[in-house]
Amino acid sequence: PSSADANHDYFLSPSVAPAHTLAKLPPVKAICGSLDPLFDDLVFFASRLRKLPGRANNDTFIVADQLPHGFLNLFQLDPAARNALNQLSFELAKILECT
C-alpha cells in the first residue's frame, strides 16, 4: 500500500521495532550476502538485538562474503552460495532439534 513506511513500521522492518518488542522475538537466524543492498539493515538489526540482555548467544547472523541479494538461488552454480546454504541449514536444523 502507498501508506507503507519501512522507516516506522516494524512489521515491514524489524530493525525499527522498540526494544521491548525485539526482546520477545524467538532466536533469530539470518543470512545476507555482503554485496546485498540490505546488508547494512541486517548489521543494524543484529547490533540492536545483541545489545538486549540475554540475546547474545541465541541469535545467529551469517554473512556470505562477496555474494549478492538472492544468492541462495545460485547454490547449484556457486560453491560460496552452497556453503552459505549449508550454514543456514545447519542453524535451522538446530532450531528444529535435528542435529
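How many aromatic pairs does a search of the whole structure find? Let's work through this predicted model and see.

**Exercise 1.** Find the aromatic pairs and decide how each one is arranged.

*Solution.*
- Step 1: The search turns up 2 aromatic pairs.
- Step 2: Take Tyr10 and Phe11, whose ring centres sit 5.1 Å apart with planes at 25 degrees, so this pair is stacked. The cut-off for stacked is planes under 30 degrees apart.
- Step 3: Now try Phe45 and Phe61. Their ring centres are 6.3 Å apart and their planes meet at 90 degrees, so they count as edge-to-face. That label needs an angle over 60.
- Step 4: Where do Phe45 and Phe61 lie along the chain? Phe45 belongs to helix α2 and Phe61 to strand β2 (residues 60–64), 16 residues apart, and the pair links distant parts of the chain.

**Exercise 2.** Sort Tyr10, Phe11, Phe45 and Phe61 into buried, partly exposed or exposed.

*Solution.*
- Step 1: Buried means under 20% relative accessible area. Phe45 has 9%, so Phe45 is buried. Phe61 has 17%, so Phe61 is buried too.
- Step 2: Exposed means over 50%. Phe11 has 74% relative accessibility, so Phe11 is exposed.
- Step 3: Tyr10 has 31%, so Tyr10 is partly exposed.

**Exercise 3.** Describe the lining of the largest pocket.

*Solution.*
- Step 1: Start with the volume of the largest pocket, about 210 Å³.
- Step 2: List some lining residues: among them are Leu12, Pro14, Asp41 and Phe45.
- Step 3: Sort the lining by type, and you get 6 nonpolar, 2 polar and 1 charged.
- Step 4: Which element gives the most to this lining? Helix α2 (residues 39–50) does, with 3 residues.

Terms used. Residues numbered from 1 in each chain as written. Predicted model: local features only at pLDDT ≥ 70, side-chain atom pairs only at ≥ 80, totals over all residues. Heavy atoms only, no water. 1 Å grid on protein atoms, 1.4 Å probe; cavity = no way out; pocket = protein on both sides within 12 Å on 5 of 7 lines; lining within 4 Å. Points joined across faces, edges and corners; volume = space filled by probe spheres on them. Helix = DSSP H or I, 4+ residues; strand = E, 2+ residues; numbered from the N terminus. Nonpolar A, V, L, I, M, F, W, Y, C, P; charged D, E, K, R; others polar. Phe/Tyr/Trp six-rings, centres within 6.5 Å; stacked < 30°, edge-to-face > 60°. Buried < 20%, exposed > 50% of the residue type's maximum accessible area, 1.4 Å probe, protein only.
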